[in-house]
Amino acid sequence: MKVIVTGGLGFIGSHTVVELWNSGFEPVIVDNLSNSNESVLSQLNELTGKQTTCYKIDCTEVDMLREIIREEKPEGIIHFAAHKAVGESVKEPLKYYGNNVNSTLVLINLMREIGIKNLIFSSSCTVYGEPDSIPVTEQNRRKKATSPYGNTKAICEDIIENSVHAYQCLRATSLRYFNPIGAHPSGLIGELPLGVPNNLVPYITQTAVGKRPKLTVFGNDYDTADGTCVRDFIHVVDLAQAHVAALNFLISSKSESLYEVFNIGTGSGNSVLELIQCFEEVNSVKLNYEFGSRREGDIEKIYGCADKARAILGWKSNKTLQEALADAYRWERRLLESN
Ligand code: UFG
């Protein structure tokens, strides 16, 4: 069974490609290489022992995408392709609305036109904003997004939900990811941030190998046990497996039309400081860090309840924070050796 994976050369997309092969699917990648590297494809082929088809096109190119979908006749589509830098989205909102929203519209229109039923959308816990209660469940109300990036996720969720209800020919899930970290244990694929990383773990690993002089912890005066922010850090391989579970759920569903939202997290939170200490311990390294001021727009404390995914998809996260941080560091060292 073929599955189109948009953004399949990216961080979460590439790990999902591996898990799809592992589960008997044939992933077909569509990626415009805007924030990914072609080398990922050869790494994927080495890791899986399979030749993954990859179309280097943009998901807003409707005619080309139509040809690909008609040719490949996929059982479903997993839509990762999106711009994802929160700060950049504030400076360039139209780039974010233009790409993230348009690509989703193009895909849904083509799915209706060609008769592809199953869609998995990459959403984010960013739709909860600063939550009223934690752990957040899918019943927590969504808050007004604090960035255009976050807003594109909420808008796309709505577009998908409205389309499912109106057209009665689609089965879709939005997976609300918490904070994906780590890398494949093989050391062959991982996160490849362009330039200075925005996210915590790539910043830590780059600091640990000497690529960056020092990590700044953004704020230690939050109302949390140690004053630093709390997040639900999930191993990217666990997250990738959630997509396979969601796909199996959609494919085996008897309903013609279905829309479900799932939190994809570990169910518990760790502070930034706890994560740093765990990184130092598991990798036997000392990290150079200092406390700085808060980063604008940061949520103080969020972690998710993933009981719904467990009950309906039969999925739960299995890997520990230790494993994720060992895998992330292995990947960073491998990058250093290969450069
Ligand atoms: N942090 C630092 N120093 C850094 C980078 C991050 O202290 O150099 C802190 C942040 O302040 C935050 C925590 O580490 O407290 C996690 O920050 P990330 O940037 O790694 O992740 P965020 O929780 O801010 O963002 C993630 C995803 C977004 C998504 C958001 C939803 O990267 O795509 O979760 O809450 F929108």
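These legends go with several views of one predicted model.

**View 1. The whole chain, seen as a fold.**
Let's start with the big picture. Eleven helices and 13 strands make up the secondary structure of the chain. Its radius of gyration is 19 Å, close to the 20 Å that the globule rule gives for 339 residues, so the chain is as compact as a globular protein of that length. If you follow the C-alpha trace along its principal axes, it spans about 55 × 45 × 40 Å. Now think about who touches whom: among contacts with a separation of 6 or more, 80% are between residues 24 or more positions apart.

**View 2. Inside and outside of the chain.**
How much of the chain is buried? Buried residues account for 55% of the 339 residues. As for the outside, the chain exposes about 14,600 Å², and 46% of that area is supplied by carbon and sulfur atoms.

**View 3. The ligand and the residues around it.**
Zoom in on the ligand, and you'll find 18 residues surrounding it. The closest are Thr 216, Phe 218, Arg 231, Arg 295 and Asp 298. Sorted by class, this shell has nine nonpolar, six polar and three charged residues. Strand β8 gives the largest share of the shell, with four residues.

**View 4. Polar atoms beside the ligand.**
Here we pick out three residues by name. Arg 231 has a polar side-chain atom 2.6 Å from an oxygen atom of the ligand. Arg 295 also places a polar side-chain atom by a ligand oxygen, at 2.8 Å. With Asn 198 it's the backbone that takes part: one of its N or O atoms lies 3.4 Å from an oxygen atom of the ligand. Taken alone, the ligand exposes 680 Å², and the protein buries 89% of that. Two elements, α7 (200–208) and β8 (215–218), give two or more residues to the shell around the ligand.

**View 5. Glu 157 in helix α6.**
Next, look along helix α6, residues 148–167, and find Glu 157. Is Glu 157 buried or exposed? Its relative accessibility is 1%, so Glu 157 counts as buried, because anything under 20% is called buried. Who are its contacts, once neighbours within four places in sequence are left aside? Glu 157 touches Phe 121, Ser 123, Val 127, Arg 142, Ser 174, Arg 176 and Tyr 259.

**View 6. A cis peptide bond before Pro 135.**
This close-up is about the backbone. The peptide bond that runs from Ile 134 to Pro 135 is cis, and its omega is near -5°. You can find Pro 135 in the loop between β5 (118–124) and α6.

**View 7. Positive phi at Lys 73 and Gln 168.**
Lys 73 isn't a glycine, yet its phi is positive, near 45°. Lys 73 sits in the loop that joins α3 (62–72) and β4 (76–79). With 62% relative accessibility, Lys 73 counts as exposed, because the cut-off for that word is over 50%. Gln 168, another residue that is not a glycine, has a positive phi of about 55°. Look for Gln 168 in the loop between α6 and β6 (171–177). Its relative accessibility is 45%, so Gln 168 counts as partly exposed.

Notes. Residues numbered from 1 in each chain as written. Predicted model: local features only at pLDDT ≥ 70, side-chain atom pairs only at ≥ 80, totals over all residues. Heavy atoms only, no water. Buried < 20%, exposed > 50% of the residue type's maximum accessible area, 1.4 Å probe, protein only. Contact = heavy atoms within 4.5 Å. Near = heavy atom within 4 Å. Polar contact = N/O pair within 3.5 Å; in protein donor to acceptor, adjacent residues only side chain to side chain. Areas by Shrake-Rupley, 256 points an atom, 1.4 Å probe, with all protein chains shown as cover. Nonpolar A, V, L, I, M, F, W, Y, C, P; charged D, E, K, R; others polar. Rg over C-alpha atoms; globule rule 2.2 N^0.38 Å.
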